[in-house]
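Trainee: Could you walk me through one part of this model up close? I'd like the part where the protein meets the nucleic acid.

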Protein chains: 2
Amino acid sequence: MARGSTRPTSRDVARAAGVSQAAVSLVLGDKWRGRVSAATAERVRQAAHDLGYRPNLAARNLRLGHTRTVLLVVPALTTEFFAGVYTGAARVAAAHGFGVVLYPSPEGIGPARDPFASAQAALDGVIASSMAADALTAIRGDQLPLVMLDSDPDGSLGAATVNLDIADGARQLADHLLALGHRRFLHLAADIASWTFEVRARELAARIGTVAGTGVRTARAPITIDDARAAAEAALAAPGPRPTAVICDDDKLAAGAYKAARRLGLRIPDDLSVTGLDDLALATALDPELTTIRLDAELFGERGMLALLAVLEGREPDGGDIPVELVVRGSTAAPRS
Amino acid sequence: MARGSTRPTSRDVARAAGVSQAAVSLVLGDKWRGRVSAATAERVRQAAHDLGYRPNLAARNLRLGHTRTVLLVVPALTTEFFAGVYTGAARVAAAHGFGVVLYPSPEGIGPARDPFASAQAALDGVIASSMAADALTAIRGDQLPLVMLDSDPDGSLGAATVNLDIADGARQLADHLLALGHRRFLHLAADIASWTFEVRARELAARIGTVAGTGVRTARAPITIDDARAAAEAALAAPGPRPTAVICDDDKLAAGAYKAARRLGLRIPDDLSVTGLDDLALATALDPELTTIRLDAELFGERGMLALLAVLEGREPDGGDIPVELVVRGSTAAPRS
DNA sequence: CGCCGGACGTTATACGTAACACTTCGCGGT
DNA sequence: ACCGCGAAGTGTTACGTATAACGTCCGGCG
């Protein structure tokens, strides 16, 4: 911004066009109908173009008191999922003249001390994933309008929420596996403190618990393929009857489970069924292709942005969870009895 | 930003603490040594805290004439690669008191009309991937300091560049495959107009051309697993002697090649060797694990940010391409003669 | 005693923009 | 002849911050 020779201001344009700065503002702001002659307006536009004038956004934001920019806080960029969320949010935002700025809580920089100091952009509002929990306290510090993605609606935050119907997904998945005849499960859980995964675990346990003779083991791993591999390998090799199905909290965890199975000499799906969550590109790259729960990331982003726009305009955001869909592929089958 | 009851300003804090607005600015800006007593400073800090005061970034940016914020323009967020670039850039930026804002050219919104209108943040500079080509003209429109990632250093842009040593990677890869005895190749190329891929193709062809009796077929596909699968399947089923090795411009393309091989009944690596580029998590999720060229995305981001800081301070950015590394795994072997 | 300089502030100003309030002028109606 | 009114602008102000320039008090030194 601080250029060698400072950039032209609206006053420079005014001088060049032989009008006042106010007239420039009128013309460039497209509010000149009936206030400035068409000829003058054209002269102003020409001068602005010749000088390469670009308005100073800091000044405009200050004057206007808003920025038409919102912040999207995501846990990290290591998955396509939040890429989809961003795409959806940005699409809706663009249609309403808003911009979206991303704040991925950066790994290895430690907990985000202050997202707003880092994203120096002045903001009108915030959309935050509940998985970026370390940034939440800082967010609450500001009194910005806030929409939470996948968070406890009854939580203490008192913010608007947009949720995926994770519970329904867990039910569909449990029913699928139970119908195939599975009774012993390994839940390979994401090592993230998040409402999403808590709800999922609870619902899974509840649904599976309705059938007699079932049991669920739980292993926990960070969402990387190698951590998941190690956790799954240890859990599957543990004493006692081996689980016949591994339910993973993420497609990447499932990829880890595949590797563990290979190392233990277990074939999928004959010896072991595996399921994921997300339906990333990875899901169809695996062999056999992964049975997983498809989450519509873009729709998630769109709904998040729409909710924030509603809050900004003082309206009540539309409720209703976003439906999810079980996609059955080759990684699940009846257990060998 | 436009809140119901407007947020407190530094003047409100001043009133509450019984001092002038200037004193508040001094204290909160940590420039009060020898100008304000420790007791008064403490009183100001207390008042600021009680009122929940947060400085107005727009006003500060306007006053200061800079924002300590830079923009990172990436082609899309669909790969972990640019997640790594962001992480590296953000780490360096944070160490220098800068923030990084991401501008992924959003898919489905069409070519970015004006990244700076969208990212309303006022900016000090820009780092752009050459793969986000559609945004480039808009970028040149502004006279912001610019660093290009992986772009032709002699190109007409006249901007600073930071490059991966893609050419060396191509040489390492060609030597590896030639040494194994491969002579007929399929180059599964990324369908993106980018200097990176052009250099790679040229270098690959040059290196392989040094050996007699070699031949390279080229197929082109967008970087999605299914597009790559279709392109690879068609190319491998084409008449004439079948290539024994597939060189992919991206790990995702390689995943598509795996699927094509499965459908054609070809085993990897016995019937077909496959190589990738990037070394994403996907590479080790595949079976067999993928031989690929590892790109250090984080270092790439760090170097990009350092170069931009140099430009901002009027220094010459450090040159030197970033080395890349061939990682040999199970997907390459000598062809069955 | 006179005067200097540090400690402790304050006053005033500028950053670039948008918008309110105001002026000037020509012209049509009565 | 006079009023009213719309067109075509201009003058001025405010947004909230950081900082340069300016005061004032007081202890101490020559």
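Mentor: Sure, here is a look at the protein surface around one DNA strand. Keep in mind that this is a predicted model, where local features need pLDDT of at least 70, side-chain atom pairs count only at pLDDT 80 or more, and totals for chains, interfaces and linings use all residues. On bookkeeping, residues are numbered from 1 along each chain as its sequence is written, chains are lettered from A and ligands numbered from 1 in the order written, and side-chain values use heavy atoms, leaving out hydrogens and water.

DNA strand C has 25 residues around it, and the closest are A:S10, A:Y53, A:R63, B:S20 and B:T40; a residue is near the strand if one of its heavy atoms lies within 4 Å of it. Seen from the DNA side, 56% of the strand C atoms within 4 Å of the protein belong to sugar or phosphate, and the rest to bases.

Now for the phosphates. A:Y53 puts a polar side-chain atom 2.4 Å from a phosphate oxygen of strand C, while an N or O atom in the side chain of A:R60 sits 2.8 Å from a phosphate oxygen. A:N56 uses its backbone instead, with a polar atom 3.2 Å from a phosphate oxygen of strand C. Polar contacts here are pairs of N or O atoms within 3.5 Å.

Which helix gives the largest share of the surface near DNA strand C? Helix 4 of chain A, with four residues (helices are DSSP runs, H or I, of at least four residues, numbered from the N terminus).

Methods. A polar contact is a pair of N or O atoms within 3.5 Å; within protein, one must be able to donate a hydrogen and the other to accept it, and residues adjacent in sequence count only if both atoms are side-chain atoms. Helices (H or I, at least four residues) and strands (E, at least two) are DSSP runs, numbered from the N terminus.
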